[in-house]
Protein chains: 2
Amino acid sequence: MLTPPSRPPGARALPNKGQQTRAAILDAALALASHMGLEGLSIGALAEQMGMSKSGVFAHFGSREELQISVIREYHRRFEQEVFYPALEVPRGLPRLRALFERWIARVSVEIDSGCIYISGAVEFDDRPGPVRDALAEMVLDWQRALERAIRLAVEEGHLATDTDAQQMLFEIHGLILALHHDARFLRSERALDRVHAGFERVLAAAGASFPAAGVRPPRRSLRATAQP
Amino acid sequence: MLTPPSRPPGARALPNKGQQTRAAILDAALALASHMGLEGLSIGALAEQMGMSKSGVFAHFGSREELQISVIREYHRRFEQEVFYPALEVPRGLPRLRALFERWIARVSVEIDSGCIYISGAVEFDDRPGPVRDALAEMVLDWQRALERAIRLAVEEGHLATDTDAQQMLFEIHGLILALHHDARFLRSERALDRVHAGFERVLAAAGASFPAAGVRPPRRSLRATAQP
């Protein structure tokens, strides 16, 4: 489950050389996977890009599968940092739910040029059972549970109707994000960002959203800015 | 643009041997692509599966790219046959729009075990410009235009509010289908079919759907049955 970090980053011990190398490999692997897909990751290609020997990469990640799983976890960690934790600073209820959705959109928008590992990975691994698929599904479900909880809190706060079906709303919101990713990335549609916002407002309105008033939404131009902690 | 076939299938000349072989290769290629993705298609693997030489396959499809494009067109042809043409038999307006959506769901449900080439292809080719991506986008846009037209007809018939934004509704409906594909195929969720129906009813209700009464929907159990022409 997504939980706030137990200690601030500043309190961490300084990483040693081995940890620094591992982090640098992971960083390159994440960039590679964002473009080529998780299945496009190879230790050979990674070693070449890092100017390392394959055995040097193997010393940090014992297998291609372990590398793929590490990339998924690193992606998840960054997703939490950019989308989840900052939204926890916003008051619970509809404001936090909106913050989560806006940050999710901002994240997907940033990824238009590289690709979301959750979305592309789901298509790559939906018929490939095994530890990589399991790790990916675990991260996706973790994020879905966090969103579902935010919806339930909005109901508890009286910002959404008491008969709101949180899982149904989650399904519909997720559909909007998938459509954004498809239209903006594959069809290169410039209208997708407008559509995803309008869709979200309609989902909220159908659940009797009462705070802030339906139809009022933050200006889209500031998405990138609001994505900063 | 999707249009009814210019002549019934029965009026076609009988295929010759070469056409039969080409059709058999295409059939195997479509099955392979549904499981492995369009990028998983190789002339070598196909030749092995068909018990043919690679040059025998090359005689029918001059290149891997031509094979991929032929597979996309064949997929589109079948999609039209199963989803689009039968819905044209249903009265225009909300009944036809519902028929299109129900058949689309039925198609995606059938594909839970193999995968939709439109959806997986969009993720595979969103950052690979070229003729394969273009062919795929053309087919997807063709289908989207057909749906958008069905929405506009429902407005003209007075079944949806006159201020309905057809492209917005299309975006939201497409999102529901993508969420169904994701949840049913990747997360193996058994609730996805209920969610997609509930979402569709909410989209229609928001557009003031007046025919048939909102909340009334065909029983889901008959999906497969109603998918037959």
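Copies are superposed by least squares on the C-alpha atoms of residues with pLDDT of at least 70 in both. Here pLDDT is the predictor's confidence in each residue, from 0 to 100. This is a predicted model, in which local features need pLDDT of at least 70, side-chain atom pairs count only at pLDDT 80 or more, and totals for chains, interfaces and linings use all residues. Residues are numbered from 1 along each chain as its sequence is written, while chains are lettered from A and ligands numbered from 1 in the order in which they are written.

Start with the two chains. Chain A falls on chain B after a rotation of 180 degrees, with 0.0 Å of shift along the axis and an RMSD of 0.0 Å. That is how a two-fold axis relates two copies. In chain A, the C-alpha of A:Gly175 is nearest the axis, at 2.0 Å. Both copies use the same surface: 100% of the contact residues of chain A recur in chain B.

Now look at that surface. Two residues are in contact if their C-beta atoms, placed from the backbone, lie within 7 Å. Chain A brings 27 residues to the contact and chain B brings 27 residues. On the side of chain A that touches chain B, helices H6 (117-125), H8 (166-186) and H9 (192-206) of chain A each give two or more residues. Helices (H or I, at least four residues) are DSSP runs, numbered from the N terminus. H8(A) gives the most, with twelve residues.

Next, follow helix H9 of chain B. H9(B) covers residues 192-206, which makes 15 residues. Among its buried residues are B:Ala192, B:Val196 and B:Phe200. A residue is buried if 20 or more other C-beta atoms lie within 10 Å of its own, exposed if 12 or fewer, and partly exposed in between. The buried residues of H9(B) pack against H8 and H9 of chain A, and also against H5 (94-110) and H8 (166-186) of chain B. B:Leu180 is in contact with B:Ala192 and B:Val196, as well as B:Ile105 and B:Val108, leaving aside neighbours within four places in sequence. After H9(B) comes B:Gly208, with a positive phi near 65 degrees.

How far can the model be trusted? The mean pLDDT of chain A is 87, and 86% of its residues reach 70 or more. Confidence in chain A is highest in helix H7 (residues 131-156), at a mean of 97, and lowest in helix H10 (residues 223-226), at 36. Over residues 213-229 of chain A the pLDDT is below 50. Where pLDDT is low, the predicted coordinates should not be read in detail.

Conventions
Expected span 1.5 Å × (residues − 1).
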